[in-house]
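Morning, everyone. I have one structure to go through today, in two parts: a helix packing and then some aromatic rings.

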Amino acid sequence: MFRRVVPSSSSAQNGDMHRRVPSSSPLISDDYIPRTVEHIFINYRLRRVGLLRAFGTDVGTLYNLCDPGYKEDLSLYGYPDGTWDVQEACMVLPPNLPEPAVGINLARDRMRAIDWVTLVAEHCDSWLLSLAFFFSVGLSRDDRGSLFERINDLPTLAEKVKEYYPGQLNQSRIQQANLEN
């Protein structure tokens with residue numbers, strides 16, 4: 001398992017990545033099912049933070065972990081404690097939760113790195129939304145609307161990737177347009 005966390009100040013000096021210590025708080029445990037708008041939004045936001053770390057500071061690690069030579073389809077997971085992980089599909093989530101995009105490693109060598117990162121970010125956006133609305137199935141119409149508004153106020157992962165790597169994305173799109181003409 002390749003669970004990643006932001007290193008503490010002491011481990012940052014060593015350059016080590018450490019596994020997280022399981023929390024006793026139900027809001028950040030992997031098997032907690034949030035039931036209120038506030039808890040669903042916290043779950044969404046913390047999973048998003050983990051994925052932002054994967055696309056921002058840990059993007060080189062993410063790229064290297066998604067080896068296309070690996071026989072199984074890999075998926076990128078964000079956890080409600082702000083960590084991220086690359087694993088085989090269906091290895092992490094309970095069977096009733098929506099799964100993230102499967103096979104993020106398969107297209108990696110056929111695309112420019114920045115295009116691949118953008119594609120994975122778009123798939124992660126979809127997964128985060130599906131999780132949030134899966135959790136909101138028991139909420140009222142007004143509560144679901146409130147949750148959607150709160151989520152919609154945040155920039156998507158794809159938008160954040162475009163902020164992280166603006167020149168590379170524009171150059172990639174220009175080159176792709178030139179090849180099509």
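**Aromatic pairs and a helix contact**

I'll start with a single residue: Tyr79 is buried, at a relative accessible area of 2%. Keep in mind that this is a predicted model. Tyr77 also counts as buried, with 2% relative accessibility. These two tyrosines, Tyr77 and Tyr79, make an aromatic pair with 6.4 Å from centre to centre and 25° between the planes. The pair is classed as stacked because planes under 30 degrees apart count that way.

Now a second pair. Tyr164 and Tyr165 are edge-to-face, with 6.0 Å between centres and 80° between the planes. Is each of them buried or partly exposed? Tyr164 is partly exposed at 36% relative accessible area, whereas Tyr165 is buried at 16%. Over the whole structure, the search finds six aromatic pairs.

Tyr77 and Tyr79 come up again in an aromatic cluster, together with Trp127. Trp127 takes us to the helices, since that residue is on the H4 side of the contact between H2 and H4.

H2 covers residues 37-55 and H4 covers residues 113-135. Their axes are 10 Å apart, and the packing angle is about 165°. Angles over 145 degrees count as roughly antiparallel, so H2 is roughly antiparallel to H4. The crossing is right-handed.

Which residues make the contact? From H2 they include Ile40, Tyr44, Leu51 and Phe55; from H4, Val117, Cys124, Leu128 and Phe135 are among them. By type, the contact residues are 14 nonpolar, one polar and two charged.

Note on methods: Residues numbered from 1 in each chain as written. Predicted model: local features only at pLDDT ≥ 70, side-chain atom pairs only at ≥ 80, totals over all residues. Heavy atoms only, no water. Axes fitted to C-alpha atoms, helices over the stretch in contact; angles between N-to-C directions. Helix = DSSP H or I, 4+ residues; strand = E, 2+ residues; numbered from the N terminus. Parallel < 35°, antiparallel > 145°, perpendicular 65-115°, else oblique. Left-handed = near helix turned anticlockwise from the far one by under 90°. Contact = heavy atoms within 4.5 Å. Nonpolar A, V, L, I, M, F, W, Y, C, P; charged D, E, K, R; others polar. Phe/Tyr/Trp six-rings, centres within 6.5 Å; stacked < 30°, edge-to-face > 60°. Buried < 20%, exposed > 50% of the residue type's maximum accessible area, 1.4 Å probe, protein only.
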